[in-house]
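Visitor: I should like to learn how to read a protein model step by step. May we go through one together?

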Amino acid sequence: MNNSNEHATYWSLNLLDLLQQMAEKNSNAVLEVLQGIDRLESERRYPDAGLLFADNQWRAFYHCHKDNLVHPDEHGHFHLFTDIGDQQWAHVAGLSIDANGQPLQWFMVNRWVTDGPWLGHELFLDKLNAVTADASNETLLGQWLASMLQLYNGSLPALLKDRDKALALKSKDKSLHDKGLKDKEQNEAMEDRDIYTLATLEINLQKMLEQNLLNKPVITQQQNQSNKKVAPRSVE
Amino acid sequence: MKHTQAKLIFAGVISAAAIAVALDHNRQQLPIAEDLLASQQAVIIIDEGEAMPAENNDECSKPVASSRSAAPCSL
C-alpha cells in the first residue's frame, strides 16, 4: 500500500467514523452547525463569526441563498477559509449541500463573491496538506470539514487550477500581450458580477468511501501523548 | 519518540453495507430557509403628540451600501 492509498484509507475511515457518530444522534454536518437555531434564515451565516477548525487554521460558515447560484439541488453551502497570516483569511472552496445534508460538490468562486486575498496554488497546497482533525479539540463538524478536505486533497489542487484557467478564459481579450493590460482584464473578470462559480467538482461520497475502504485491511492510527490525529502524508 | 509513535492496527474489513448504512442514517432533512431578511417589516409605535419619523430628509433613510452585499459570501 503506497502513501497516497494510506492517506485516502485513513481519512475515509475517519470520515466514516464521523458519519456514524452523527447518525447515532440523527444529525449531519449541517444540522450540527444549526444546533439551537430556531429559524434558518437565507443569506445569514451560521455561525456568524465562522467555525474555527483544524487547529484554528481554518474557518467555515454555512449559509443558504434565496436563489440557487451554485447547484440546482443545493440547500446551502459551506464556505471554507484558511488563515494566511497578518489576520487575513483567504477563501479556499465552497461545499454545496443538498436538502438531506449530503455534500453535492466542491466549487471555486470568483473573487468578488468572498472578497479578500486571492489564494495562490503553492500556499493552497501547504495549507491543505497541513489540515488536521484532532478529535480531542475539534467539534464533530470541524473534524468532518477537515476530513472532507483531506479526502479530496488529491482533487482540490486541480480544481484550483481549473479556477484559474476559467478566469483566464473569462478575460475579455485573451490575445493581449501587454502584461499590465492582461492583469487589468483579469481584475475586471474577478469583479464581474455575472461570474459567480469558476470551477466545480462533483462529490460521490459513497463511491469515494467504497473505493478507499472496500476489500482493504482497515488502518487506524493512534498516537500516544498528544492524541492528535495526523494522517500519513500523501505524495501528490 | 514523545508524540508521533504511531501504531498501525489492522482491523476487520469494512463492508459496502456498513458504508451505505452510515450514509443513509446521515441523511436528515434540513429545515427550509426562510427569506426573513427580505420580507421583514419594521413596526414603529408612535405615541400621541410625538413627531413622525423622518422619511426622506435624514441620513438614516438613505440606502446604505453593505459590504456583505458587495461580497455576499465574505467572512
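Visitor: Among the contacts in chain A with a separation of 6 or more, what percentage is accounted for by residues 24 or more positions apart?

Guide: Please note first that this model is predicted. The contacts considered here are those in chain A with a separation of 6 or more. The share that joins residues 24 or more positions apart is 62%.

Visitor: Which strands form the edges of the open sheet of six strands?

Guide: Chain A has eight helices and seven strands. Six strands form an open sheet in the order E1-E2-E3-E4-E5-E6, with antiparallel pairing. An edge strand of this sheet pairs on one side only, and this holds for strand E1 (46-53) and strand E6 (197-202) of chain A.

Visitor: Which residue is the bridge partner of A:Phe81 in E4(A)?

Guide: Strand E3 (residues 74-83) and strand E4 (residues 89-98) of chain A pair in the antiparallel sense over nine bridges. In E4(A), the partner of A:Phe81 is A:His91.

Visitor: At about what angle to E1(A) does helix H5 of chain A run?

Guide: Helix H5 (residues 140-151) of chain A lies across five strands, namely E1, E2, E3, E4 and E5. One residue within the numbering of this helix, A:Leu145, touches A:Phe53, A:Ala60, A:Phe78 and A:Leu80, leaving aside residues up to four places away in sequence. Relative to E1(A), the helix runs at about 65°.

Visitor: Which helix gives the largest share of the largest nonpolar core?

Guide: In soluble globular proteins, nonpolar side chains tend to be buried together. The largest nonpolar core here has 62 residues, and those with the most contacts inside it include A:Leu16 and A:Leu145. The largest share, nine residues, comes from residues 3-24 of chain A, that is, helix H1.

Visitor: Within what arc do the buried residues of H6(A) fall?

Guide: Helix H6 (residues 156-170) of chain A lies across E4, E5 and E6. Its buried residues are A:Leu156, A:Leu160, A:Arg163 and A:Leu167. Viewed down the axis of H6(A), these residues line one face of the helix, because they fall within an arc of 60°.

Visitor: Which exposed residues does the face of H6(A) turned away from its buried side carry?

Guide: The buried residues of H6(A) are covered by elements that include E4, E5, helix H4 (121-129), helix H7 (179-190) and E6 of chain A. The face turned away from that buried side carries the exposed residues A:Lys165 and A:Leu169.

Technical notes: Residues are numbered from 1 along each chain as its sequence is written. Chains are lettered from A and ligands numbered from 1 in the order in which they are written. This is a predicted model: local features need pLDDT of at least 70, side-chain atom pairs count only at pLDDT 80 or more; totals for chains, interfaces and linings use all residues. A nonpolar core is a set of buried Ala, Val, Leu, Ile, Met, Phe, Trp, Tyr and Cys residues joined through C-beta atoms within 7 Å. A residue is buried if 20 or more other C-beta atoms lie within 10 Å of its own, exposed if 12 or fewer, and partly exposed in between; C-beta atoms are placed from the backbone. Helices (H or I, at least four residues) and strands (E, at least two) are DSSP runs, numbered from the N terminus. Two residues are in contact if their C-beta atoms, placed from the backbone, lie within 7 Å. Two strands pair if DSSP finds at least two bridges between them. Axes are lines fitted to C-alpha atoms, for helices over the stretch in contact, and angles run from 0 to 180 degrees between N-to-C directions. The arc is that of the directions from the helix axis to the C-beta atoms.
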